[in-house]
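Let's take a walk through a protein model together. Have the picture ready to turn as you read, and we'll go from one spot to the next.

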Amino acid sequence: MTDVKIADTSFALNSETRALNKEKQPQAFSGQTGNGDSKKKKKNLHIGTYTCFLFVFLMICIPLYVMIVTSLTTEAEAHMAAFHWIPQKGLTLSAYVTAFTKDTAGPNLLVAFWNSMWIYIPSVAVGIFMGAFAAYSFAKLEFKAKKPLFALLISGLTLPNCMGTIASFLMFDTIGWVGTPLPLIVPKMLGTVGTVFFLRQFYLGVPDDLMGAGRVDGLGEFGVFFNIMLPISLPALLSQFILVFISAYNDYMGPLLYLHNADYYTLTIAISFFSEAYAQNWPLQMAGAAIATLPLLLLYLLSQKFILAGVAISSGLKG
């Protein structure tokens, strides 16, 4: 009888063990299935991300390629019905030579480029400084009606630029500035709403302990701004300068409205003279566009290191 009981007990234990193993096996299998599904999802996510990057890359590079290739083709081939991705009649620089030597009603491209530089670079630089001053005030100083004033300032972002074109023209015409570069210079020296908003967000992330340490050393508000906040925000200031300068550099409506003297024409206006009334010289126009685009590309390439280094410094401060 004892042997029978022991046998029954061992049989029962074996049955329970097999049942537990059967329960564990589906769990382990389901865990492996879950890992496989997560890997597939990650792989699909990477494929989708790279596809989007490739699409954006092509959307940016294809127009640039068409512009460069068209500027290097002959005028006869450029007027063909079918576009050739590789010029069939060879490459030529005649369009670039004509762009710098053609006698038009406007100025030479080099003169127009110089006009764009001396009109926009100083005014945008002063405007970025004024925007930094305003952003520091809204971020770190306390004064009456601070929030309503900032809300009123930001509300200007909701208005399209064309709404103020007629009013601005009438005002500048009344004070005798139409026909001079002053309507393009003075407003940009006062800064932009976007610059104030961006730099305010940056200054809000700077620890107040840095300002407190400066005040302990005897610095006033101007001293704190010039010796602490301004050096810290140089990368942000540089990025804003690039964005505002590109917007001003590409502006066509402003110079067209206010500049009536060919000696003051900017690059965008000078390139427009390459377009004729009854015939279009596509290689010449694309050469002018390529010449105008080159300074912006160089600006991006030269300032990239400083922007990345500044982002690393600012992230270290916030941490």
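We'll begin inside. Keep in mind that this model is predicted. Helix α4, which covers residues 109-140, gives the most to the lining of the second largest cavity, namely 3 residues. That cavity has a volume of about 30 Å³, and its lining is made up of V124, G127, I128, K188, G191, T192, T195 and V244. How many cavities of 30 Å³ or more does a search of the whole structure find? The search turns up 2.

Now step back and look at the whole chain. The protein chain has 14 helices and 0 strands, so-called α elements following one another along the sequence as α-α-α-α-α-α-α-α-α-α-α-α-α-α. Of the 319 residues in the chain, 30% are buried.

One helix is worth a longer stop: α11. You can check its length with a little arithmetic. It holds 16 residues, 234-249, and at 1.5 Å a residue these should span 22 Å; the C-alpha atoms at its ends are 22 Å apart, so the expected span and the model agree. Is α11 mostly covered or mostly open? It is mostly covered, with 12 of its 16 residues buried. Among them are P235, A236, L237, F241, I242 and Y249. V244 is another buried residue of α11, and you have already met V244 in the lining of the second largest cavity.

Next, find the largest pocket, which has a volume of about 1200 Å³. Its lining counts 31 residues, and N161, P187, K188, T192 and S247 lie nearest its centre. K188 and T192 may ring a bell, as they also line the second largest cavity. Which helix supplies the largest share of the pocket lining? That's α11, with 5 residues. Several helices each bring at least two residues to this lining: α6 (165-174), α7 (182-189), α8 (193-204), α11 and α12 (253-258).

Now for some charged partners. The count of salt bridges comes to 3. In one of them, the side chains of D208 and K140 meet, at 2.7 Å from N to O. D208 sits in helix α9 (residues 208-216) and K140 in helix α4, so this pair ties together parts that are 68 residues apart in sequence. K140 has a relative accessibility of 15%, so it counts as buried, because the buried class takes in anything under 20%.

A second salt bridge joins K146 and E142, whose closest N and O atoms are 3.6 Å apart. Which of these two is buried, and which is exposed? K146 counts as buried because its relative accessibility is 15%, whereas E142 is exposed, with a relative accessible area of 70%. The other pair is R215 and E221, with side chains that meet at 2.9 Å, N to O. Here both partners are partly exposed: R215 has a relative accessible area of 35%, and E221 has 33%.

While you're around K146, look at A145. Where does A145 sit? You'll find A145 in the loop between α4 and α5 (146-154). Its phi angle is near 60 degrees, a positive value in a residue other than glycine. A145 is partly exposed, with a relative accessible area of 43%.

Let's move to the outside. On the surface, L54, F57, L58, I62, Y65, F83, W85 and I86 form a nonpolar patch, and together they have about 800 Å² of accessible area. Pick out F83 from this group: it lies in the loop between α2 (75-78) and α3 (94-101). At 39% relative accessibility, F83 counts as partly exposed, since that class runs between the 20% and 50% cut-offs.

Our last stop is W282, in helix α14 (residues 282-318). W282 is partly exposed too, at 37% relative accessibility. Try finding M67 as well: W282 and M67 are 215 residues apart in sequence, yet their C-alpha atoms are 9.4 Å apart in space.

Conventions
Residues are numbered from 1 along each chain as its sequence is written. This is a predicted model: local features need pLDDT of at least 70, side-chain atom pairs count only at pLDDT 80 or more; totals for chains, interfaces and linings use all residues. Side-chain values use heavy atoms; hydrogens and water are left out. Patches are made of residues with over 30% relative accessible area and no salt bridge: like charges are joined within 9 Å, nonpolar side chains (Val, Leu, Ile, Met, Phe, Trp, Tyr) within 5 Å. Accessible areas come from the Shrake-Rupley method with a 1.4 Å probe; for residues, only the protein chains shown count as cover. A salt bridge is a side-chain nitrogen of Lys or Arg within 4 Å of a carboxyl oxygen of Asp or Glu. Helices (H or I, at least four residues) and strands (E, at least two) are DSSP runs, numbered from the N terminus. Buried means under 20% relative accessible area, exposed over 50%, partly exposed in between (1.4 Å probe, protein chains only). The expected span of a helix is 1.5 Å times one less than its number of residues. On a 1 Å grid over the protein atoms alone, a cavity is a set of points where a 1.4 Å probe fits but cannot get out, and a pocket is an open set with protein on both sides within 12 Å along at least five of seven lines; lining residues have an atom within 4 Å of a point. Grid points are joined across faces, edges and corners, and a volume is the space filled by probe spheres set on the points.
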